[in-house]
Every structure is written in C-alpha cells, then in structure tokens.
Amino acid sequence: MRELLNTYYPIEIDASRSAEEKLPLMVEWWTKVHELLIEQKIRRDMLAHAVKESSAMLRDGYKVFFECLAEHQVPLLIFSAGVGDVLEEVIRQNHVFHPNIHIISNYMDFDQTGVLQAFKGQLIHTFNKREGALSHAAGLRELQGRPNVVLMGDSLGDLTMADGVSEPQNVLTIGFLNDQVEERKESYINSFDVVLVKDETLDVPNAILRYITSSRDECGGMMTLLLSPVQTPSRAWSMPEITYPIPM
Ligand SMILES: Nc1ccn([C@@H]2O[C@H](COP(=O)(O)O)[C@@H](O)[C@H]2O)c(=O)n1
C-alpha cells in the first residue's frame, strides 16, 4: 500500500499533467488498493479498533465546525475518495457524527460472515467526484432551496463537488494546498476563491461560519457545506502563507 502511495501520489499532485492524463492512473491506483484490502480479509468488527489504534485525525477546530453546522441544521456533505466505513468511524469516535452529515464515498461490502468481499457501487477517486455529486447529492431532499455553498477541498478535482446543487447562487470555494506548494500555487489561486497553504486547521472556515451565522442568522439555515476531508498526518503543515481578511 505504501509502495502504491509512493508511486501514484506524485502523479496525483503533478502540476505538469492534465486531469485527463491522471484519470486512468488514479483508477489503477484505487483498484489496486481495493484489491489489496479485499485480500486482507478485513472483518467489519475490526474497523472500530483499527481506527482507534490509528493516527487518523480531523483538522484542528473540527468540533466547532461540525457543531456549528449541526446547530444551524446546515447539511454537511462529505465527498471522500477514501473508504466511507473508516471515515464514518473516525467521525463517530470524535463524537461529531450529527444527523446533518451525508457521506459519499467508497463503502465496503461485507459477506454474511462479516468479511470484506468487495466495494459497493461506482468507484470514487479524486477526479470523478462530479459523478458522485450528480448521482448522490443531487437527490438529497435537504439540499432543496439551499443555493449557497461553501466548498472545501485539497484537490482541483474537489471543485466539482457542488455540481449536484441545483441552481446554485453563491459558491465559496476554499482550497487547502498541502504539498508541492510552489508548483501548484498558481493553479489553486486561479481555481479556488480562498487558498490556504499548509494550514492544518479549520480556523478560516470557522471564522466564515461565525460571520455568516452571527450577522445574518437566516443564512446559517440556507448554506450547504461540501467537504473533502483528507487529513494525512504524514503531510505536514505550518501556518498559512496566503491569508485573506475575514470579516469577524
Ligand atoms: N489508497 C489511497 C488512495 C488515495 N489516497 C489519498 O486520499 C485522497 C482522497 O481522499 P479525499 O477524502 O480527499 O477524497 C487522495 O487525494 C489520495 O492522495 C491515499 O492516501 N491512499
């Protein structure tokens, strides 16, 4: 798995290759990883313990973020090319799995004895989140009448996550640029409204939420949050280099 990461991750973030060029290689990566996971005969009842023992973590400020959205009944859609069952467990163990959360991800399919035998549905990877947005998110009743979106992601592929929102009026995009900063800075600045460089926190999104929910309370109920959750501890951050003034 580590070897696959070392081979394919540099391709995923290579600023000199197009998304079209990367796409088949991403499918190849994800397919190999899923095959490896199936070979491990993972048991459903092992997941909670595995997550507990792992270094998986949510960004600093996650509690304020999740709780503010839940309190204001803002749907929080999480699109992850990771494994949905694991992501759910991480969120649950951090005590923030509130009813406003919807996860669109790769879910494990267990056999009758509880052993992983396949992955359900269409494969979700970094560059096909639009298809997940159109097939899953567009059908969610909670999104009706919510034309305002805050979209957060760490990949240019994440920019299509709001494509399932019908007639969006305002889409504020926040890009987390974690790696290969110099090479990718220009494309991120051209693509996202706000770019946060090596920022491991949710301080900026939390400040935006605070502003929206305190100054115009009704906004809190109209907004939809679409989020790609990747937090890989091995990719280190420092303080943001690019900051945008946030009205407080
Ligand atoms: N086997 C894999 C496959 C993907 N990754 C990384 O996860 C990221 C996808 O996660 P999102 O929640 O942001 O969709 C992707 O960018 C890959 O770098 C991995 O570590 N191992």
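A residue counts as buried under 20% relative accessible area, as exposed over 50%, and as partly exposed in between, using a 1.4 Å probe and protein chains only. By that rule, buried residues make up 49% of the 248 residues in the chain. This is a predicted model, in which local features need pLDDT of at least 70 and side-chain atom pairs count only at pLDDT 80 or more, while totals for chains, interfaces and linings use all residues. Residues are numbered from 1 along each chain as its sequence is written, and side-chain values use heavy atoms, with hydrogens and water left out.

**View 1. The whole chain holds 9 helices and 8 strands.** Helices (H or I, at least four residues) and strands (E, at least two) are DSSP runs, numbered from the N terminus. A contact means heavy atoms within 4.5 Å. Among contacts between residues at least 6 apart in sequence, 68% join residues at least 24 apart.

**View 2. Here is the ligand with the residues around it, 15 in number.** A residue is near a molecule or strand if one of its heavy atoms lies within 4 Å of it. Those that come nearest to the ligand are Glu-12, Ser-80, Ala-81, Lys-129 and Ser-228. For the pairs shown here, a polar contact is a pair of N or O atoms within 3.5 Å; within protein, one must be able to donate a hydrogen and the other to accept it, and residues adjacent in sequence count only if both atoms are side-chain atoms. Glu-12 places a polar side-chain atom 2.5 Å from an oxygen atom of the ligand. Ser-80 also uses a polar side-chain atom, 2.7 Å from an oxygen atom of the ligand. With Ala-81, a backbone N or O atom lies 2.7 Å from a ligand oxygen atom.

**View 3. Thr-126 sits in the loop between strand 4 (116-119) and helix 6.** Its relative accessibility is 6%, so Thr-126 counts as buried. Setting aside neighbours within four places in sequence, Thr-126 is in contact with Glu-12, Trp-30, Ala-81, Ser-155 and Gly-157. Two of these names, Glu-12 and Ala-81, are also listed among the residues that come nearest to the ligand.

**View 4. The second largest pocket has a volume of about 360 Å³.** Rolling a probe the size of a water molecule over the atoms shows where empty space is left. On a 1 Å grid over the protein atoms alone, a cavity is a set of points where a 1.4 Å probe fits but cannot get out, and a pocket is an open set with protein on both sides within 12 Å along at least five of seven lines; lining residues have an atom within 4 Å of a point. Grid points are joined across faces, edges and corners, and a volume is the space filled by probe spheres set on the points. This pocket is lined by 24 residues, and Ala-19, Lys-22, Phe-127, Leu-156 and Gly-157 lie nearest its centre. Helix 2 (19-39), helix 6 (129-135) and helix 7 (181-191) are the elements that give two or more residues to the lining. The lining divides into 8 nonpolar, 7 polar and 9 charged residues, where Ala, Val, Leu, Ile, Met, Phe, Trp, Tyr, Cys and Pro count as nonpolar, Asp, Glu, Lys and Arg as charged, and the others, Gly among them, as polar.

**View 5. Helix 5 (residues 84-93) appears with its buried residues, Gly-84, Asp-85, Leu-87, Glu-89, Val-90 and Ile-91.** Their cover includes helix 3 (47-53), helix 4 (62-71), strand 1 (76-83), strand 2 (101-106) and strand 3 (108-110). After helix 5 comes His-95, whose phi is positive, near 60°.

**View 6. Lys-41 and Glu-167 are loop residues, shown one after the other.** Lys-41 lies between helix 2 and helix 3, and its phi is near 50°, a positive value in a residue other than glycine. Lys-41 is exposed, with a relative accessible area of 58%. Glu-167, in the loop between strand 5 (148-153) and strand 6 (170-177), has a positive phi of about 45° although it is not a glycine. Glu-167 is exposed too, at a relative accessible area of 71%.

**View 7. Val-171 is found in strand 6.** Val-171 is partly exposed, with a relative accessible area of 35%. Beyond its neighbours within four places in sequence, Val-171 is in contact with Val-149, Leu-151, Ala-162 and Asp-193.
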